[in-house]
Amino acid sequence: MSWVLVAPVVLPLLTTAALFLLRERLEAQRVVSTTSAALGLVAAIVLLGRVSDGGIQVVQFGNWSAPFGISFVADHLSAIMVVISGVMATAVAVYALRDLDPARERLGYHPVFHVLLAGINGAFLTGDLFNLYVWFEVLLISSFVLLTLGNRREQLEGGVKYVAVNLVSSLIFLAATGLVYGTTGTLNMADLAVKLPQADPALVVTLSMLFLVAFGIKAAVFPLFFWLPASYHTPPVAVSAIFAGMLTKVGVYALIRAFTLLFVGDVALTHTILLWVAGLTMLTGVLGAAAQSEFRKILSFHIISQIGYMILGLALYTPLGLLGSVFYLVHHIVVKGNLFLVAGLARATGGSFELAKLGGLYRHRPLLAVLFVVPAFSLAGFPPLSGFWAKLVVVRAGLEAREWGFVAVALVVGLLTIYSMTKIWQAAFWTPAPEGTTLRDDVPRLLYAPVIALALLTLVIGFWSGPFVALAQAAATELLNPAAYVGAVLGPEAAAQLGGTP
Amino acid sequence: MNSVILRSATNLLIAVLLLFSVFLMLRGHDLPGGGFIGGLLAASAVALYAIANGHRAAVRLLRVPPQALIAWGLALGVGAGFFALLQGDPYLTGQWLIFAFAGVEWKLSSPLVFDVGVYLVVVGVVLTMVFALEER
């Protein structure tokens, strides 16, 4: 049955329709929105189970056979990403129940949130390059609405930068897609994997660089990241947490897909460029964070530096490197989304996102301090939290590939991450609250629920990393063997053309 | 805009425009046309009405809020794919019901439902924007 493959997209879209009809009844909207997010998570887990048991799952929309119709393809990477997006969606949907003001809810937060989810999941599952562009647009437009919902001045300011830069990225993406079609006569990714090696190599490298820029802007890599810290700290926490967790990672996913399935003809050139991009992204991100003094701005810069690690794993292009990338993606989404939620709790308690105006949270709310420490130290890579294993795998892959310089950068960036996290700890939790601020006691308990759940998940990934590593390993194996993907979509003959085992 | 000529012309035109928009949508299955262009035409017909008779009159003419059209359109469009699942085909596969009635051969299909969905979404989205601007 193909329903599990389309459910992650169809469910949010149907939910959007229901939420539009319930637009005057906020209480009903909250119930529907949360239920649907949880159902989406269940469907995603079922999908991951199918992929684990039965290999790569494929649906040809409308029964138009590939490469003529649109294919949805779920390999391990796609399924893992859909599951993790389900986890974040559920956590954020619960958090939004108490975080958002009714004015924003009335303006349509809930329906647009589910359009965003449909866009994210669609991007993860599609096996068609132009269809990927469409899902990118769906999530871009809905994220623009979410970013500016409420019309505050700094929101609009951040929103304009965000949209302007992302539209440029979309334009490059679209142009590159057109050129790919002109070169090969197909847009189905599996078909492209077969046909691109037959095209003029110089042209293919040029195309790959266009996609690197287009996806690189979405993923916020060096030097294309400046829109991210300009916008992510402006919207409500329930919006910025899902942005921080998922949106740039859609870009990272697209990069991984493009540079393992499509553009592997000249690895020595393209992946060396990726390697430098990764190193500089790590470094600039972490240095940018050191200069910040606002809770969410520090976290925003750390998104950038962490994306460097994921790209590093991809750039090494070894089984261990890709395993590291995938594991890092999962760990990072959980941890970073959670840190934004913690920032929201810190503000609800202490009244500000500015570190200078925060203080005394440890004494006032020890639980909140613990909930900050778990994801923060995981982000910095303390053993035995999830971030330690993620960094360990990437660093080991780097050592095996003898990229000493980039390994050194990765280790230094890890140390600097600790510096940033201790800065937040010092200012917001340890030092006494500044004169004249009162710490509040009336923070809704429900806000803690998703934060606790995500912190527990971080611990689980850290202490029982075995199954997670096994899944990442399966994803990495598939990524390095494009013939399996091609075989699942186009049949064994096409896979044989690639010379691999289907 | 207060113009007798525009108002009289609009009141005559709107029926023709709406009818033509439905014609365009139905024609779309085999020939140029379809739910998107039909929906655009229907939305411009209502927008014309709003310019001639005022925003309030157009809202009354529509009877339901444009957001409800988006919702129903989305539900129809996404829901049209489920007919295929009932048959065990992949999502969105076209399903056809062909029968003779009153001496004519009728062809009902899930792509038609999908097109009606697109039509409604386009009308809803465009009118949401038009009404938001008209209110200013």
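How are helix 2 of chain B and helix 3 of chain B oriented to each other? Keep that question in mind as you open the structure, which is a predicted model.

**Stop 1: two neighbouring helices in chain B**

Select residues 35–53 of chain B for helix 2 and residues 55–62 of chain B for helix 3. Their axes come within 6 Å and cross at roughly 140°. Angles over 145 degrees count as roughly antiparallel, and this crossing is at roughly 140°, so helix 2 of chain B and helix 3 of chain B are oblique to each other. The crossing of these two helices is right-handed.

Now show the side chains where they touch. On helix 2 of chain B, pick B:V46, B:Y49, B:A50 and B:N53. On helix 3 of chain B, pick B:H55, B:A57, B:A58, B:L61 and B:L62. Colour this contact by class and you will find seven nonpolar residues, two polar ones and no charged ones.

**Stop 2: helix 3 meets helix 6**

Keep helix 3 of chain B selected and add helix 6 of chain B, residues 110–135. The axes of this pair come within 10 Å and cross at roughly 150°. That angle makes helix 3 of chain B roughly antiparallel to helix 6 of chain B. Here the crossing is left-handed.

For the contact, select B:H55, B:V59 and B:L62 on helix 3 of chain B, along with B:L127, B:F131, B:E134 and B:E135 on helix 6 of chain B. By class, this contact has four nonpolar, one polar and two charged residues. You have met B:H55 and B:L62 before: they also belong to the contact between helix 2 and helix 3 of chain B.

**Stop 3: all of chain B**

Zoom out to chain B. How many helices and strands does chain B have? Count along and you should reach six helices and two strands. In sequence order, the pattern reads α-α-α-α-α-β-β-α. The C-alpha atoms of chain B fill a box of roughly 55 × 35 × 25 Å along the principal axes. Of the 136 residues in chain B, 35% are buried. Among contacts in chain B with a separation of 6 or more, 65% join residues 24 or more positions apart.

**Stop 4: where the chains touch**

Bring chain A into view. The contact takes 16 residues from chain A and 14 residues from chain B. On the chain A side, select helix 1 (3–21) and strand 1 (57–60), which each supply at least two residues. Helix 1 of chain A gives the largest share of that side, with nine residues. By class, the side of chain A that touches chain B has 10 nonpolar, five polar and one charged residues.

**Stop 5: the largest nonpolar core**

Which residues have the most contacts inside the largest nonpolar core? Select A:I80, A:I311, A:V326 and A:V486 to see them; the core itself has 239 residues. Next, highlight helix 11 of chain A, residues 237–262, which brings the largest share of this core, 19 residues.

Centre on A:V486. Apart from its neighbours within four places in sequence, A:V486 is in contact with A:A190, A:A193, A:V194, A:A494, A:A495 and A:L498.

**Stop 6: one valine in helix 7**

Finish at A:V165, in helix 7 (residues 153–184) of chain A. Is A:V165 buried or exposed? A:V165 counts as buried because 20 C-beta neighbours lie inside 10 Å. Beyond its neighbours within four places in sequence, A:V165 is in contact with A:I217 and A:W227. Add A:F226 too: A:V165 and A:F226 are 61 residues apart in sequence and 9.1 Å apart in space, C-alpha to C-alpha.

Terms used
Residues are numbered from 1 along each chain as its sequence is written. Chains are lettered from A and ligands numbered from 1 in the order in which they are written. This is a predicted model: local features need pLDDT of at least 70, side-chain atom pairs count only at pLDDT 80 or more; totals for chains, interfaces and linings use all residues. Axes are lines fitted to C-alpha atoms, for helices over the stretch in contact, and angles run from 0 to 180 degrees between N-to-C directions. Helices (H or I, at least four residues) and strands (E, at least two) are DSSP runs, numbered from the N terminus. Angles under 35 degrees count as roughly parallel, over 145 as roughly antiparallel, 65 to 115 as roughly perpendicular and the rest as oblique. A crossing is left-handed if the near helix is turned anticlockwise from the far one by less than a right angle, and right-handed if clockwise. Two residues are in contact if their C-beta atoms, placed from the backbone, lie within 7 Å. Ala, Val, Leu, Ile, Met, Phe, Trp, Tyr, Cys and Pro count as nonpolar, Asp, Glu, Lys and Arg as charged, and the others, Gly among them, as polar. A nonpolar core is a set of buried Ala, Val, Leu, Ile, Met, Phe, Trp, Tyr and Cys residues joined through C-beta atoms within 7 Å. A residue is buried if 20 or more other C-beta atoms lie within 10 Å of its own, exposed if 12 or fewer, and partly exposed in between; C-beta atoms are placed from the backbone.
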